[in-house]
Amino acid sequence: MAATHTNRVIPLTCSGHTRPVVDIQFSPITAEGKYYLISACKDGNPMLRDGVTGDWIGTFRGHKGAVWNARLSQDANKAVTASADFSAKVWNTLTGEEVHSFSHQHIVRAADFSKDGTRIITGGKEQKIRIFDLYRPDAIPMEAIGHEASIKAVVWDEEHHSILSAGDDSTVRIWDLRTMRERGVIKCAAPVSTMTLSADGTYVSWAAGKTANFWKSDSPIEDVKTFDTKENTSSVSLHPNHTKFVAGSDEDLWVRIYDFNSGEVTEVYKGHHGPIHTVSYSPDGEIYATGSEDGTIRLWQNDPSKPYGLWKKQGEAGSIP
């Protein structure tokens, strides 16, 4: 039986967006010892924030439609955004300037960087994977075709020379990065809404219907660790130490923490005023972020018994303008 600890964890609220927040991602810890948080929103204005405090750093302005996905490069110096305006844009996070804009024939739902930040991968309504070279932005992109419905998520897995894509055809497809040929297909119980790579690159995690799924990239495709959830799961994120994961649902307002071994719900929290579309653990595992239909991002402390960031003592928090 899950315990509801709403009186124990008070989240920090990050306001600024005017429409539902549909995607968030923490950067890795940079050489300066910091990390950042980027958010994609239906208001078309992706935002960059300090990862620890949630303080607003800047807004990337240039899209003419909803932004469905946003990712930061490993060094957090670049951002890539996927939009309903039929484009994927690359930004300089230090200046906020648009560096590249790559046109597509339909809505772009997902994008990601290569590990060295020199290439991006995109996917969307065209049901097609594209790889663009940022050093040769005018060159014809590499392509891969195989999905039978819209692509909702892409992951660049440099360590295993592969890229992964997932979407409305209820599959996760693994592509060989060197040949762009399909290496394998994982069939899911329902359409895949979100997919991410764990902080250490070990696990690929995705949400599909009422399931949370985790797969080690170096294991056979049939070795997927699947947990059944009572609610429709919109997004999942694995803690860096692989002991638990956080999940959000687009059916209710609750944030749930699950034990990664047993699949049992161990913590349940409420803070948003709308369904939760996206969740993400920080690279140090000290906090996790949630993005909601209510237009806000909330930061939650992993261990409220110790001070971290703006949390000075247990239960103490504030609202970030």
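This report walks through the two largest pockets in a predicted model.

## Finding the gaps

How do you spot empty space in a protein? Rolling a probe the size of a water molecule over the atoms shows where empty space is left.

## The largest pocket

Let's start with the largest pocket, which has a volume of about 750 Å³. Its lining is made up of 34 residues. If you want to find the centre in the 3D view, look for Gln 25, Gln 74, Leu 197, Ser 198 and Ala 199, the lining residues that lie nearest to it.

Which strands help build this lining? At least two residues each come from strand 2 (21–26), strand 6 (67–72), strand 10 (108–113), strand 14 (151–157), strand 18 (192–197), strand 22 (233–238) and strand 26 (276–281). Strand 14 gives the most, with four residues. Sort the lining of the largest pocket by class and you get 16 nonpolar, 11 polar and seven charged residues.

## The second largest pocket

Next up is the second largest pocket, with a volume of about 460 Å³. It is lined by 29 residues, and Val 22, Arg 109, Ser 193, Thr 194 and His 277 are the closest to its centre.

Here, strands 2, 6, 10, 14, 18, 22 and 26 each put at least two residues into the lining. Which strand has the largest share of the lining of the second largest pocket? That's strand 18, with five residues. As for class, the lining of the second largest pocket splits into 11 nonpolar, 11 polar and seven charged residues.

Technical notes:
Residues numbered from 1 in each chain as written. Predicted model: local features only at pLDDT ≥ 70, side-chain atom pairs only at ≥ 80, totals over all residues. Heavy atoms only, no water. 1 Å grid on protein atoms, 1.4 Å probe; cavity = no way out; pocket = protein on both sides within 12 Å on 5 of 7 lines; lining within 4 Å. Points joined across faces, edges and corners; volume = space filled by probe spheres on them. Nonpolar A, V, L, I, M, F, W, Y, C, P; charged D, E, K, R; others polar.
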